[in-house]
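Reader: I would like a close look at the backbone of this protein, at the places where it departs from the usual geometry. Please set those places in the context of the chains as a whole.

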Protein chains: 2
Amino acid sequence: MKMSPLNIIKIGGNILDDEAALHRFLDDFARIPAPKILLHGGGKKATALAAQLGIPTQMVQGRRVTDAATLDIAVMVYAGLINKNLVAQLQARSCRALGLCGADAGCIRAVKRPLKDVDFGFVGDIISEAIDKDFFHNLLSQGITPVIAPLTHDGQGQLLNTNADTMASAVAVALAPLYEVRLMYCFEKRGVLRDVNDALSVIPELSEQEYEALKAQGAVSAGMIPKLDNAFAAIRQGVSGVAIGDARYLPAIAAGDTGGATWCV
Amino acid sequence: MKMSPLNIIKIGGNILDDEAALHRFLDDFARIPAPKILLHGGGKKATALAAQLGIPTQMVQGRRVTDAATLDIAVMVYAGLINKNLVAQLQARSCRALGLCGADAGCIRAVKRPLKDVDFGFVGDIISEAIDKDFFHNLLSQGITPVIAPLTHDGQGQLLNTNADTMASAVAVALAPLYEVRLMYCFEKRGVLRDVNDALSVIPELSEQEYEALKAQGAVSAGMIPKLDNAFAAIRQGVSGVAIGDARYLPAIAAGDTGGATWCV
């Protein structure tokens with residue numbers, strides 16, 4: 001049986017922080033045929049609000065520590081301000097968006113990251129097998145487009161801050177048995193470069209073997225490694241393709257064209 | 001055809017601001033048999049956050065003016081902090097809650113209140129006929145409990161602050177053709193008093209005629225008038241019953257008992 005395609009698109013803070021880029025992205029996203037899912041990150045608004053409220057941002061090993069006050073800010077900004085404005089903007093573009101986080105309908109459950117040498121606070125690691133794929137399938141079947149904020153819950157009343165890239169890949173994997181899933185990470189670059197000093201040296205198709213070779217050579221930037229690790233993990237678990245590319249090329253990426261992205265295959 | 005009952009419950013700020021009362025309410029709410037819907041107001045958190053951020057609260061004719069900065073706070077606190085924490089707490093009580101506002105799936109559309117003598121800013125008046133009753137029916141049929149924050153959208157990308165009492169009654173009226181709807185306004189008093197100086201003189205059943213008589217005598221407090229006007233409007237439009245009472249009596253009110261509430265009939 002041939003399954004229908006499902007596009008899952010993740011946008012990061014750089015688009016959310018740039019109003020013109022965001023409107024252009026939303027125009028393009030609204031035009032992609034449904035079924036589709038949007039996941040979004042945070043952007044600078046959470047950091048700015050924390051600063052205004054005098055809540056210090058604690059970073060450990062390059063990652064933000066989520067104490068109770070920081071979690072409240074994440075919930076307000078991600079699940080409130082950003083999520084609901086994205087939803088309202090998509091309605092205006094005739095895209096029937098529904099904003100949610102992992103607590104809603106209990107769709108994405110996580111465990112609070114266990115305390116080892118570092119306490120990251122209220123950060124959640126997704127329980128992949130607990131993602132409610134039937135809930136998402138039901139929404140998608142009604143022509144509804146889920147717009148997902150990067151928060152989960154532990155099933156015991158606690159919200160948890162969760163990495164949006166990881167959440168995108170976990171949702172893609174969960175829906176792979178039901179759809180031919182294509183996952184796209186939209187960011188500010190055109191893809192994985194063969195030569196980091198040459199912006200035009202985008203690799204159109206990257207196999208896991210090539211990726212491991214590039215990584216061993218130190219030719220993959222630190223910021224790309226978690227994205228690519230997530231990408232290949234998703235492919236090994238049944239996702240049809242994962243693209244990493246520039247949000248401005250979304251229509252081409254969604255059409256499966258190469259050029260504006262690296263496709264992990 | 002006998003329709004299945006649907007309980008629609010509205011809680012106000014006084015419960016949201018009192019942690020012990022809120023937990024008790026959520027225990028009681030979770031135990032009410034589905035289908036059910038929860039609507040919530042704002043509480044003091046929005047005012048406190050506005051003060052912390054140095055955003056002045058403007059009141060005109062006893063109502064809050066929603067400028068752009070105040071709207072952002074409402075979206076963060078109502079649709080983010082309050083809504084998602086209520087949802088996570090309900091999941092912990094085995095109630096499959098889904099948080100949303102009127103922008104989500106475009107379910108409750110409004111028009112920005114027209115400028116007359118007062119500009120209330122980004123405040124929405126609900127377009128009753130635009131409430132998507134099939135969307136709510138579909139969620140309820142899946143055993144999902146909508147938890148609704150008091151925000152709507154205008155269909156053109158603008159979120160709008162909307163009175164939670166009015167929203168509860170509009171949703172109740174919209175679903176009256178599909179369910180035997182009972183609407184409950186939970187607040188801090190036990191109902192409408194026959195004698196404002198006697199807390200035990202709760203009127204168990206109040207007809208619209210009696211209400212008009214009490215109002216003419218000046219025997220109804222100013223704060224109760226909009227609630228009661230909404231209540232009788234809902235009944236005229238097919239809602240089976242509207243109770244106004246103390247949240248602590250929710251189990252009795254939900255069972256249709258009198259004592260902890262006034263039933264408008």
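Author: What follows takes the unusual backbone sites, then two further residues of chain B, then the chain and the pair of copies.

The model is a predicted one. As background, most residues other than glycine have a negative phi, and most peptide bonds are trans. Against that, where is the peptide bond cis in chain A? The bond from A34(A) to P35(A) is cis, and its omega is near 0°. P35(A) sits in the loop that runs between α2 (19-31) and β2 (36-40) of chain A. In chain B, A34(B) and P35(B) are likewise joined by a cis peptide bond, with omega about 0°. The loop between α2 (19-31) and β2 (36-40) of chain B is where P35(B) is found.

The other departure concerns phi. A105(A) is not a glycine, yet its phi is positive, near 55°. This residue belongs to the loop between β5 (97-100) and β6 (110-112) of chain A. Is A105(A) buried or exposed? Its relative accessible area is 3%, so A105(A) is buried, the cut-off for that class being under 20%. In chain B, A105(B) also has a positive phi, about 55°, without being a glycine. A105(B) lies in the loop between β5 (97-100) and β6 of chain B. With a relative accessible area of 4%, A105(B) counts as buried.

Strand β6 of chain B covers residues 110-112 and contains K112(B). Unlike a buried residue, K112(B) is partly exposed, because its relative accessibility is 37% and that class lies between 20% and 50%. Leaving out residues up to four places away in sequence, K112(B) touches D119(B), G121(B), F122(B), V123(B) and L160(B). M76(B) is 36 residues from K112(B) along the chain, and the C-alpha atoms of the two are 19 Å apart.

A second residue of chain B, T70(B), has its place in helix α4, which spans residues 68-91. T70(B) is buried, its relative accessible area being 11%. Apart from neighbours within four places in sequence, T70(B) is in contact with I55(B), R64(B) and V65(B).

Now the chain as a whole. Chain A holds nine helices and 14 strands. Its radius of gyration is 18 Å, which agrees with the value near 18 Å that a compact globule of 265 residues would have. The C-alpha trace of chain A spans about 45 × 45 × 35 Å along its principal axes. Of the 265 residues in chain A, 57% are buried. Among contacts in chain A with a separation of 6 or more, 70% are between residues 24 or more positions apart. Chain A exposes about 10,700 Å², and carbon and sulfur atoms supply 51% of that area. Its charged side chains number 25 positive and 27 negative, and the centres of the two sets lie 3 Å apart.

Last, the two copies. A turn of 180° with a shift of 0.0 Å along the axis lays chain B on chain A with an RMSD of 0.0 Å. The copies are therefore related as by a two-fold rotation axis. Of the interface residues of chain B, 100% are also interface residues in chain A, so the copies meet through the same surface.

Key. Residues are numbered from 1 along each chain as its sequence is written. Chains are lettered from A and ligands numbered from 1 in the order in which they are written. This is a predicted model: local features need pLDDT of at least 70, side-chain atom pairs count only at pLDDT 80 or more; totals for chains, interfaces and linings use all residues. Side-chain values use heavy atoms; hydrogens and water are left out. Helices (H or I, at least four residues) and strands (E, at least two) are DSSP runs, numbered from the N terminus. The radius of gyration is taken over C-alpha atoms; the globule rule is 2.2 Å times the number of residues to the power 0.38. Buried means under 20% relative accessible area, exposed over 50%, partly exposed in between (1.4 Å probe, protein chains only). Contact means heavy atoms within 4.5 Å. Accessible areas come from the Shrake-Rupley method with a 1.4 Å probe; for residues, only the protein chains shown count as cover. Lys and Arg count as positive and Asp and Glu as negative; His and the chain ends are not counted. The place of a charge is taken as NZ of Lys, CZ of Arg, CG of Asp or CD of Glu. Copies are superposed by least squares on the C-alpha atoms of residues with pLDDT of at least 70 in both.
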